[in-house]
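Here is a friendly walk through a structure, told as questions and answers. Have the sequence and the 3D view at hand as you read.

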Amino acid sequence: MWNDKNYHTLDYEMKGFFGEKAIKLSIDGGFTCPNRDGTIGVRGCIFCSERGSGDFNSESCKSISEQISEQREIMSRKWKSSTYIAYFQSYTNTYDTVENLRKKFNEALICENIKGIAIATRPDCISEEVLELLAELNEKTFLWVELGLQTINNSTVNLIRRGYSHDVFEKTAKMLKTKNIRTVIHLIMGLPGEDREQMLKNISYVSALRPWGVKIHMLHILQNTDLAKFYLNTHFNVMSHDEYVELICDSLELLNEDIVIHRLTGDGRKSDLIEPRWTLNKLKVLSDIDKELKKRNSRQGKYAPL
């Protein structure tokens, strides 16, 4: 259904829209986070590194245009394309004044071959004013907004110090949908205390929301995070490679086939990663997911409610 894949990949979606591969350029907008600047907390979510999910980004001391130029040079060695998406990834990328946000997003849009913008943020950092700015951007470029959900389990939410309620998440997701803004929801597999049943409940919840896309991450335990301290004290269960592959295939079968899969695994810095080390071989994880789906003669959405 999706070329050589049994699930609805972002690559498939982008090629259908742009006619060629769209390459994401991860940049640091120089933002912070209410979970770090003292508004909500100062240590961030329990799993966050010092770079706030931007461990592989360019340095924020460089301008947006400089970062885009640098990233485009790097990525052009791997892929040939004239379509690039400026991905504002590090920390919370709507946590600023509307004036500053507009300036930074527009600086990205005027760069050569930037055909769209992806904005990673928190649902508690999209005010009515910011929503209107996003609606403006949505009218003139290919936009998507990424929201961290991670889990719907309240006890886990408190443990990981997410810092906003489920009601806030649902309200923001609804506002974005009302404005026809593509939304991508983040989930984390393997959070402490969550079993297979809970993780599949998270998947079913997201499928019922019908967002444009979803990102599924395996929990990374990184050096110098509060999660690392928690792991060393509790030795909570970490999934094996085979358990994760099976879980992801079960998850894909439950996700509506229209939902674009942006990520099925991730890779932390090798020098910082404590567990699970098997995630360092990202290509093997993805290859084994493909093999398992074919072995099952299965696909995304096979068991999703109509």
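Q: Which residues of helix 8 (residues 226-234) are buried?
A: This is a predicted model, so burial here is computed from predicted coordinates. A residue counts as buried when its relative accessible area is under 20%. In helix 8, the residues that meet this cut-off are D226, L227, A228 and Y231.

Q: Which strands do the buried residues of helix 8 pack against?
A: Start from the buried set, which includes L227 and Y231. Following their contacts leads to two strands. The partners are strand 7 (221-222) and strand 9 (273-275).

Q: Which residue with a positive phi follows helix 8?
A: Look just past the end of helix 8, which spans residues 226-234. The residue there has a positive phi, near 50°. That residue is H235.

Q: Is N224 buried or exposed?
A: N224 is found in the loop between strand 7 and helix 8. Its phi is positive, about 65°, although N224 is not a glycine. The cut-off for exposed is over 50%. Because its relative accessible area is 70%, N224 is exposed.

Q: Is N3 buried or exposed?
A: You will find N3 in the segment before helix 1 (10-18). N3 is not a glycine, yet it has a positive phi of about 60°. Its relative accessibility is 65%, so N3 counts as exposed.

Q: What is the omega of the peptide bond from E275 to P276?
A: To find this bond, go to the loop between strand 9 and helix 10 (282-296), where P276 has its place. The bond from E275 to P276 is cis. Its omega is near -10°.

Q: At what angle do the axes of helix 2 (residues 64-76) and helix 3 (residues 98-109) cross?
A: Two packed helices are described by the angle between their axes and the distance between the axes. For helix 2 and helix 3, the axes come within 9 Å. Helix 2 passes helix 3 in a right-handed crossing. The crossing angle is roughly 35°.

Q: Which residues of helix 2 and helix 3 make the contact?
A: By class, the contact has 3 nonpolar, 1 polar and 2 charged residues. Helix 2 brings I64, S65 and I68. From helix 3 come K104, E107 and A108.

Q: What is the relative accessible area of L252?
A: L252 is found in helix 9 (residues 241-254). Leaving aside neighbours within four places in sequence, L252 is in contact with several residues, among them Y7, I261, L264 and I289. L252 is buried, and its relative accessible area is 0%.

Q: How many Å separate the C-alpha atoms of L252 and V184?
A: Along the chain, L252 and V184 are 68 residues apart. In space, their C-alpha atoms are separated by 15 Å.

Q: Which element gives the most residues to the lining of the second largest pocket?
A: This pocket has a volume of about 220 Å³. Of the 13 residues that line the pocket, the closest to its centre are A173, K177, T183, R210 and P211. The elements that give two or more residues to the lining are helix 6 (166-178) and strand 5 (182-189). With 4 residues, the one that gives the most is helix 6.

Q: How many charged residues are in the lining of the second largest pocket?
A: The lining can be sorted by class into nonpolar, polar and charged residues. There are 6 nonpolar and 2 polar residues. The charged residues number 5.

Terms used. Residues numbered from 1 in each chain as written. Predicted model: local features only at pLDDT ≥ 70, side-chain atom pairs only at ≥ 80, totals over all residues. Heavy atoms only, no water. 1 Å grid on protein atoms, 1.4 Å probe; cavity = no way out; pocket = protein on both sides within 12 Å on 5 of 7 lines; lining within 4 Å. Points joined across faces, edges and corners; volume = space filled by probe spheres on them. Nonpolar A, V, L, I, M, F, W, Y, C, P; charged D, E, K, R; others polar. Axes fitted to C-alpha atoms, helices over the stretch in contact; angles between N-to-C directions. Left-handed = near helix turned anticlockwise from the far one by under 90°. Contact = heavy atoms within 4.5 Å. Buried < 20%, exposed > 50% of the residue type's maximum accessible area, 1.4 Å probe, protein only.
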